[in-house]
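Got your viewer open? Here is a short walk through one chain, stop by stop, with something to select at each.

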Amino acid sequence: MSVFAHNCPDIKFTVVDVNAKRIEAWNSRNINELPIYEPGLKEIVAEVRGRNLFFSTDIDRGIREADMIFISVNTPTKTYGKGKGMAADLKYIELCARQIAEVATDDKIIVEKSTIPVRTAQTIKSILESTGKLESSGNVESPDKKIKFQILSNPEFLAEGTAVRDLQNPDRVLIGGDHQTEEGREAIDILSAIYERWIPAERIIKTNIWSSELSKLAANAFLAQRVSSINAISAICEKTGADVEEVAHAIGADGRIGAKFLKASVGFGGSCFNKDLLNIIYMSYTLGLQEVANYWEGVLLINRYQRTRFAENIVSALFNTVADKKIAFLGWAYKKNTNDTRETAAMYVADYLIEETAKIVVYDPKVTQAQMHNDLELLGSRPSQENSNSLCAVNDPYEACHDSHAIAILTEWDEFKEYDWQKIYDSMKKPAYLFDGRNIVDGKKLSAIGFKVYQVGKGNI
Ligand code: UGA
């Protein structure tokens, strides 16, 4: 909404949330205290906040005053009941729809921005219709007027860490709606006109609502599949002496394959890939498409395999035991330029090593120790006290590495490339191991210093 407000100064945007603390943080006087770290965001918020972007907990008023409502609540994987661990939990979507139905007094365009299973628009529609307001009236001024709701799907394709850039200059915008009817087409055009203020019209794709909902899930599934494909190749590289970066370069040069998203790693993380794949798997399964479910499950299995392989490599290189050995982690976030840690590979690798009774000291420029402990707690492998005893965070990378047996790079933060690696080597136990889960350091240079270097898909130590 900040980027919308920046591009449409004459439109008023109000962000409402039940979480008062969060709204307070977005309203915080100190612009450095915004709850999300995202390059370029605070500058935009500073420009538009109080001008045409407002943050509030008054949800009813927000609904009443809006012509268009974006639903962008969380749709996490269900942790209970039918579909537990796989299906998307739509309870927040449902609550939103119910509240809109209850409070609205005039026509609204409802835009689904949350990532949701295909045909969720139908759920929202059923809830809105079930209030009876569509039939009779909620409109005080003219009691016989029917309230009309148009539902659009407008999935978000921005990636964290580059969110502002992605929104400002997207490859495409997707708007799904009921283009069989005039009202549906009109609603699509109203939303499209907002985007067209800064995005060329030819980049705006208009589809039916189900295609739009499915395209969002499919896009993430394809992206995740590319990472798992190159990671599967990286395992073959390590056994054969091929170099995964050379392979990625060679295959990516084929225009049909393309060069992006072919970076081998310790495994993909983030709130989206895992969740959306589970969503597709569960949906395929419930549609009776077991083979399709199995196909996409393979992408997740390779991701788990890649994380485990990385952790196992550490243990086997360190003479098959990491018991009470200090292992330094550089990075905890699931990718650089974000403080988001959801599904980060780092927590799974840490979990594995804690099980082997290692002592882990983490340095991440943006993630707090409390967040790391929280992540491990959510994995639920052991009592939280044991996690706190086994893992701590420090604010200085050199302190993290000092006296350690091994360093594991879990996030590709640029600053890691600039460290004084000779100084780090000198301060470590010998032999000094470096496990680069992101292939960001110069392996040859570090080997020359004396490190025993492991990089993904680049041959074993
Ligand atoms: C992803 C999609 O890229 C966005 O288009 C989408 O809008 C978003 O999910 C969403 O559904 O909200 P995001 O999860 O923020 O965005 O980040 P990505 O850049 O896709 O990275 C995901 C994970 O894959 C990260 O852990 C990253 O390090 C890893 N990755 C990515 C690789 O290991 N190798 C690569 O070549 C690329």
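Before the first stop, one definition: two residues are in contact when they have heavy atoms within 4.5 Å of each other. Also keep in mind that you are looking at a predicted model.

**Stop 1: helix H13**

Select residues 345–355, which form helix H13. H13 is mostly covered, with eight of its eleven residues buried. Colour the buried ones to see them: Ala 345, Ala 346, Met 347, Val 349, Ala 350, Asp 351, Leu 353 and Ile 354. What do the buried residues of H13 pack against? Add these to the display: helix H12 (290–317), strand S8 (326–330), strand S9 (359–363), H14, helix H15 (384–390) and strand S10 (391–393). Then step just past the end of H13 to Thr 357, where phi is positive, at about 60°.

**Stop 2: where H13 meets H14**

Keep H13 on screen and add helix H14, residues 369–379. The two pack at an angle of about 70°, and their axes are 10 Å apart. Angles from 65 to 115 degrees count as roughly perpendicular, so that is how H13 sits relative to H14. Now show side chains at the contact. From H13 you want Met 347, Tyr 348, Ala 350, Asp 351 and Ile 354; from H14, pick Asp 375, Leu 376 and Leu 379. By type, the residues of this contact split into six nonpolar, two charged and no polar.

**Stop 3: the ligand**

Centre on the ligand next. It has 20 residues around it, and the closest are Leu 158, Lys 216, Ser 265, Tyr 334 and Arg 438. Try a few distances from its atoms to the protein backbone:

- Leu 158: a polar backbone atom is 2.7 Å from an oxygen atom of the ligand.
- Glu 160: a polar backbone atom is 2.8 Å from an oxygen atom of the ligand.
- Lys 263: here the ligand offers a nitrogen atom, 2.8 Å from a polar backbone atom.

**Stop 4: the loop between H10 and H11**

Stay with Ser 265, one of those closest residues. Ser 265 lies in the loop between H10 and H11. Is Ser 265 buried or exposed? Buried, because its relative accessibility is 5%. Its side chain reaches the backbone nitrogen of Gly 267 at 3.1 Å. Beyond its neighbours within four places in sequence, Ser 265 is in contact with Val 227, Asn 231, Gln 306, Gly 437, Arg 438 and Val 456.

Now slide back to Leu 262, which is also in the loop between helix H10 (244–252) and helix H11 (273–286). Leu 262 counts as buried too, at 12% relative accessibility. Leaving aside neighbours within four places in sequence, its contacts are Arg 226, Ile 230, Ala 248, Ile 251, Gly 252 and Ile 257.

**Stop 5: strand S5**

Jump to Gln 150, in strand S5 (residues 149–153). Its relative accessibility is 19%, and the cut-off for buried is under 20%, so Gln 150 counts as buried. Not counting residues up to four places away in sequence, Gln 150 touches Lys 108, Ile 109, Ile 110, Asp 178, Glu 183, Gly 184 and Ala 187.

**Stop 6: the start of the chain**

Finish at Ser 2, in helix H1 (residues 2–7). Ser 2 is buried, at 10% relative accessibility. Show Leu 41, Ile 44, Val 45, Val 48 and Leu 53 to see what Ser 2 touches, not counting residues up to four places away in sequence. For a last ruler line, join the C-alpha atoms of Ser 2 and Ile 424: the two residues are 422 apart in sequence and 41 Å apart in space.

How values were computed
Residues numbered from 1 in each chain as written. Predicted model: local features only at pLDDT ≥ 70, side-chain atom pairs only at ≥ 80, totals over all residues. Heavy atoms only, no water. Axes fitted to C-alpha atoms, helices over the stretch in contact; angles between N-to-C directions. Helix = DSSP H or I, 4+ residues; strand = E, 2+ residues; numbered from the N terminus. Parallel < 35°, antiparallel > 145°, perpendicular 65-115°, else oblique. Nonpolar A, V, L, I, M, F, W, Y, C, P; charged D, E, K, R; others polar. Buried < 20%, exposed > 50% of the residue type's maximum accessible area, 1.4 Å probe, protein only. Near = heavy atom within 4 Å. Polar contact = N/O pair within 3.5 Å; in protein donor to acceptor, adjacent residues only side chain to side chain.
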